[in-house]
Amino acid sequence: MNTKNTTKTFVIALAMTLTLAIVPTMAFGQSTADKQSIASPLDEQGNDLTGLWQVAASNTVDCITGQPDGQPPVPVNYLFNQGGTMTEEEANLFDGPYRASAQGMWKHVTGRKYLAAFTNFAFNPDRSLAVTLKFRSNITLAKDGNSFTERGTAEVSLPDGTVVANVCFADTATRFAF
């Protein structure tokens with residue numbers, strides 16, 4: 001009987017030890033080498049998209065000419081996470097409080113060039129889905145790593161999948177810092 005208790009105690013202690021050893025490794029095991037940018041040590045400081053970025057005035061533009069289309073600009077925040085996920089939050093005056101935050105992905109292409117794709121939803125006042133917005137953006141990070149320019153498109157679809165609009169945008173973002 002004493003051997004069974006000793007064996008159970010040993011197994012429980014071993015399981016707890018492994019749990020304590022493995023869980024912190026899983027939670028904190030992401031290497032800084034997993035950055036989405038591929039940079040040499042000389043330019044690593046200025047070639048990292050990870051972080052919080054602010055667009056003071058996002059502009060929709062004519063998709064052919066690139067000129068502002070007369071719509072009021074809106075502020076936007078981007079959060080690019082290590083590992084390739086992102087969120088976007090904008091103060092869109094037209095959707096009111098019925099718009100969800102956007103979630104998406106980003107990746108490094110080459111040099112200071114990146115791609116981002118994200119989506120969000122807008123709702124009617126009765127809380128029914130009004131449209132789905134799918135964004136695609138080409139981002140160029142400045143050499144100093146503290147700003148970027150982007151050009152992108154947004155596809156606006158009804159709940160049944162019918163595309164009702166394609167909108168283009170051109171922005172300049174600055175890195176949020178203390």
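User: Happy to look at this predicted model with you. Where is R127 placed?

Analyst: Glad to help! R127 sits in the loop that links β5 (113–123) to β6 (129–141).

User: Why is R127 called exposed?

Analyst: Its relative accessible area is 73%. The cut-off for exposed is over 50%, so R127 earns that label.

User: What makes the phi of R127 worth a remark?

Analyst: R127 has a positive phi of about 75° and is not a glycine. Most residues other than glycine have a negative phi. This value belongs to the hairpin of β5 and β6, where five residues lie between the strands.

User: How do you know that β5 and β6 pair?

Analyst: Pairing needs at least two bridges between the strands, and β5 and β6 have 11, in the antiparallel sense. As an example of who faces whom, F123 stands opposite L129 in β6.

User: And what makes β6 and β7 a pair?

Analyst: The reasoning starts from the cut-off of at least two bridges. β6 and β7 (residues 147–157) are joined by 10 bridges and run antiparallel, so they count as paired. N138 has R151 as its bridge partner in β7. In this hairpin, with five residues between the strands, the positive phi near 75° is at G145.

User: Let's turn to T119 in strand β5. Why is T119 called partly exposed?

Analyst: T119 has a relative accessible area of 26%. Buried would need a value under 20% and exposed one over 50%, so T119 falls in between and is partly exposed.

User: How do you know that T119 and L133 make a polar contact?

Analyst: A polar atom of the T119 side chain is 2.7 Å from the backbone oxygen of L133. The limit for such a contact is 3.5 Å, so this pair is within it. L133 is also among the residues in contact with T119, as are T132 and K134. For K134, the C-alpha to C-alpha distance to T119 is 4.5 Å, although 15 residues separate the two in sequence.

User: Last one: why is E88 called buried?

Analyst: E88 has 3% relative accessibility, and buried means under 20%, so the name fits E88. E88 is part of strand β3 (residues 85–90).

User: Which residues is E88 in contact with, leaving aside its neighbours within four places in sequence?

Analyst: They are V76, N77, Y78, S101, A102, F118 and N120. S101 and A102 also appear among the contacts of T119.

Note on methods
Residues are numbered from 1 along each chain as its sequence is written. This is a predicted model: local features need pLDDT of at least 70, side-chain atom pairs count only at pLDDT 80 or more; totals for chains, interfaces and linings use all residues. Side-chain values use heavy atoms; hydrogens and water are left out. Helices (H or I, at least four residues) and strands (E, at least two) are DSSP runs, numbered from the N terminus. Buried means under 20% relative accessible area, exposed over 50%, partly exposed in between (1.4 Å probe, protein chains only). Contact means heavy atoms within 4.5 Å. A polar contact is a pair of N or O atoms within 3.5 Å; within protein, one must be able to donate a hydrogen and the other to accept it, and residues adjacent in sequence count only if both atoms are side-chain atoms.
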